[in-house]
Amino acid sequence: MTDREGTASGSIGRLSYKPPERDRLVPRTLEFIFALLPNWRDDPRRPAGLSEKALNSTLCDFLDTHSRSNFPMVRFKHETPQQGAHMVDLGVHGTDEVTTVGTREYSIYQPFLAIEAKRLPAPSQDREREYVTGTEKPTGGIQRFKLGLHGANVETGVIVGYVEKETARHWHTTINSWISSLSSTETRDDTDWSDSEVLSDLRPNEDMGTSWSESIHGRASACCTKSITLHHLWVMMDRNPEETK
């Protein structure tokens, strides 16, 4: 992964981000998304008080619009079909008829990167741990990637976190405690969890109110690889850079 210093864009309407040519498509796309998160958050035209689904829709609109002039090799699609009737919140597609990522090829109909998004905290107490796992249904962000319900045909996934209360470090610690707890618990869906799946050290951009970490997860045998790398891209929704400390 490239150095994240200086990747955040400038003021609204003047996006200074230019993906470094030396990077491959997936890392460049991750940097592009991370750079634009604060611009999307601070856009005065973005409606306030939105549900998670509506937040996802506006984020997709913002990323897709700016990719056309700043990163034209990709496009963003809201609610991309996945396994069965499942939809991932955002899919990233190439703009060529066939996009090659590593040794895999993706048509214009197939996303090469799958993005799930979650509010932190979850909107209700019964969904408290939904960033990681659901209770009665497989609604968890990480859980769906592990089960292959999301991103079964990709090697890399993203979870965007809309941090609305507490700090990024609070959620980093809390989410890792949930994963550690699952590693010693029998789950309803028989998903195996391990302490090795906790999120890596948090890397905040305090000026922009964003944070980045990664995790690696084993997943269902029907997936294209035995494990998936998830990038956790978080944005403080109250625009207070101190909150990332």
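Q: What makes the order of the 7 strands in the open sheet, and how are they paired?
A: In this predicted model, the open sheet of 7 strands follows the order β1-β2-β5-β6-β9-β8-β7, and its pairing is mixed.

Q: Why is one side of β1 and of β7 left without a neighbour in the sheet?
A: Strands β1 (74–81) and β7 (203–205) stand at the edges, and each has a single partner strand, so one side of each lacks a neighbour in the sheet. From one strand to the next, the twist averages 25°.

Q: How do you know that β8 and β9 are paired?
A: Two strands pair if there are at least two bridges between them. Strand β8 (residues 210–218) and strand β9 (residues 227–236) are joined by 9 bridges, and they run antiparallel. The requirement is therefore met, and β8 and β9 count as paired. One of the bridge partners can be named: G218 is matched with S227 in β9.

Q: How do you know that β3 and β4 are paired?
A: Between strand β3 (residues 98–101) and strand β4 (residues 104–107) there are 4 bridges, and the two strands run antiparallel. Pairing needs at least two bridges, so β3 and β4 qualify. Within this pair, T99 stands opposite Y106 in β4.

Q: What do β3 and β4 form, and how many residues lie between them?
A: The two strands form a hairpin, with 2 residues between them. In the turn, G102 has a positive phi of about 65°.

Q: Which strands does helix α2 lie across, and which does helix α4 lie across?
A: Helix α2 (residues 52–70) lies across β1, β2 (87–94), β5 (113–120) and β6 (156–163), and runs at about 155° to β1. Helix α4 (residues 168–182) lies across β5, β6, β7, β8 and β9, and runs at about 150° to β9.

Q: Why does N56 count as buried?
A: A residue is buried when its relative accessible area is under 20%. The relative accessibility of N56 is 2%, so N56 counts as buried. This residue is found in helix α2. Leaving aside residues up to four places away in sequence, N56 touches H78, D89, L90, A117 and Y162.

Q: What makes up the lining of the largest pocket?
A: The largest pocket has a volume of about 300 Å³. Its lining consists of 15 residues, of which R24, V26, V101, G102 and T156 lie nearest the centre. At least two residues of the lining come from each of α1 (25–42), β3 and β4. Helix α1 gives the most, with 4 residues.

Q: How many residues of each class are in the lining of the largest pocket?
A: The lining has 8 nonpolar, 4 polar and 3 charged residues. Glycine is counted as polar, so G102, which belongs to the lining, is placed in the polar class.

Q: How many cavities of 30 Å³ or more does the structure hold?
A: The structure holds 1 cavity of 30 Å³ or more. The largest cavity has a volume of about 50 Å³. It is lined by 13 residues, and R119, A122, E128, E130 and Y131 are the closest to its centre. The elements giving two or more residues to this lining are β5 and α4. The largest share, 3 residues, comes from β5.

Q: Which classes do the residues of the lining of the largest cavity divide into?
A: They divide into 7 nonpolar and 6 charged residues, with no polar residues.

Note on methods:
Residues are numbered from 1 along each chain as its sequence is written. This is a predicted model: local features need pLDDT of at least 70, side-chain atom pairs count only at pLDDT 80 or more; totals for chains, interfaces and linings use all residues. Side-chain values use heavy atoms; hydrogens and water are left out. Axes are lines fitted to C-alpha atoms, for helices over the stretch in contact, and angles run from 0 to 180 degrees between N-to-C directions. Contact means heavy atoms within 4.5 Å. On a 1 Å grid over the protein atoms alone, a cavity is a set of points where a 1.4 Å probe fits but cannot get out, and a pocket is an open set with protein on both sides within 12 Å along at least five of seven lines; lining residues have an atom within 4 Å of a point. Grid points are joined across faces, edges and corners, and a volume is the space filled by probe spheres set on the points. Buried means under 20% relative accessible area, exposed over 50%, partly exposed in between (1.4 Å probe, protein chains only).
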